[in-house]
Amino acid sequence: MFLRQTWTINNMVHKVFVYGTLKRNEPNHGTMTNPENGVATFIAEGMTKEKYPLIIATKYNVPFLLHSPGTGYNVKGEIYEVDDKMLSNLDILEDHPNCYIRDKNDIVLTDSTHRTVMKCWVYFLKMFKPELLSKPFLEDYKSEGDHGMRYCERCKRDVNFKLKLAVRDDCAYL
């Protein structure tokens, strides 16, 4: 048992910033806590150092962080340290690199008395339809928020729905 715990700790090398359904008390947080997916350890609450538009889109009310630096808000979320297996499973959930693109970004710890900045992986929608920028921007996503756009879990969606086609600007060429 001791050797297994040591291996797991040594294998936790990635910091990931989550801003949507993977946060605590949100619909997909079970992905982060399921040991079959790997290991994820909560580090701190944080926010993006740079402003970005966080929106809710599609008929299934999916949150997206649009890669449009300087637009929107300093988005609030959570920082986790994850192992290789969890990062791989998050890539599958986020359909990286086909839909979301995982990129390193500066995240400011918000529960610290010092302005500590960490480099974390963040899942962005980089090639998005321009009309998504006309949606209301959020600073802090909550599925049950005042916006009234509750997230629809994948198991309840039409299996023929192509999320990427609904939001990506480059899909006409695929």
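**Exercise 1. Which residue does the UniProt annotation "active site" cover, and where does Glu94 lie relative to helix H3 and strand S6?**

Keep in mind that we're working with a predicted model here.

*Step 1.* Start with the record: in an unreviewed UniProt entry, the "active site" annotation falls on Glu94.

*Step 2.* Now find Glu94 in the fold. Glu94 sits in a loop, with helix H3 (84-93) on one side and strand S6 (101-109) on the other.

**Exercise 2. Decide whether Glu94 is buried or exposed, and list what it is in contact with.**

*Step 1.* Take the relative accessible area, which is 13% for Glu94. Buried means under 20%, so Glu94 counts as buried.

*Step 2.* Skip the neighbours within four places in sequence, and the contacts of Glu94 are Leu22, Cys99, Tyr100 and Tyr123.

**Exercise 3. Describe the largest cavity: its volume, its lining and the strands that help to line it.**

*Step 1.* Run the search over the whole structure, and 1 cavity of 30 Å³ or more turns up. The volume of the largest cavity comes to about 200 Å³.

*Step 2.* Go round the wall. The lining of this cavity has 17 residues, and those nearest the centre are Thr21, Asn28, Pro63, Glu94 and Tyr100. Glu94, the residue with the "active site" annotation, is thus back in the picture.

*Step 3.* Ask which strands chip in. Strand S1 (12-18) and strand S4 (62-65) both provide at least two lining residues.

*Step 4.* Sort the lining by class: 11 residues are nonpolar, 3 are polar and 3 are charged.

**Exercise 4. Do the same for the largest pocket: what is its volume, and which helix gives the most to its lining?**

*Step 1.* The largest pocket holds about 320 Å³ of space.

*Step 2.* Its lining is made of 15 residues, with Arg154, Arg157, Phe161, Lys162 and Leu163 nearest the centre.

*Step 3.* Helix H4 (residues 163-167) gives the most to that lining, namely 3 residues.

*Step 4.* By class, the pocket lining splits into 8 nonpolar and 7 charged residues, with no polar ones.

**Exercise 5. Place Thr31 in the fold, say whether it is buried or exposed, and find what it touches.**

*Step 1.* Thr31 belongs to helix H2 (residues 30-33).

*Step 2.* The relative accessible area of Thr31 is 18%, so this residue goes down as buried.

*Step 3.* Leave out residues up to four places away in sequence, and Thr31 touches Leu22, Asn37, Met86, Leu90 and Leu93. Leu22 also turned up among the contacts of Glu94.

Methods
Residues are numbered from 1 along each chain as its sequence is written. This is a predicted model: local features need pLDDT of at least 70, side-chain atom pairs count only at pLDDT 80 or more; totals for chains, interfaces and linings use all residues. Side-chain values use heavy atoms; hydrogens and water are left out. On a 1 Å grid over the protein atoms alone, a cavity is a set of points where a 1.4 Å probe fits but cannot get out, and a pocket is an open set with protein on both sides within 12 Å along at least five of seven lines; lining residues have an atom within 4 Å of a point. Grid points are joined across faces, edges and corners, and a volume is the space filled by probe spheres set on the points. Helices (H or I, at least four residues) and strands (E, at least two) are DSSP runs, numbered from the N terminus. Ala, Val, Leu, Ile, Met, Phe, Trp, Tyr, Cys and Pro count as nonpolar, Asp, Glu, Lys and Arg as charged, and the others, Gly among them, as polar. UniProt positions are given in the numbering used here, feature names are shortened, and annotations may be inferred rather than shown by experiment. Buried means under 20% relative accessible area, exposed over 50%, partly exposed in between (1.4 Å probe, protein chains only). Contact means heavy atoms within 4.5 Å.
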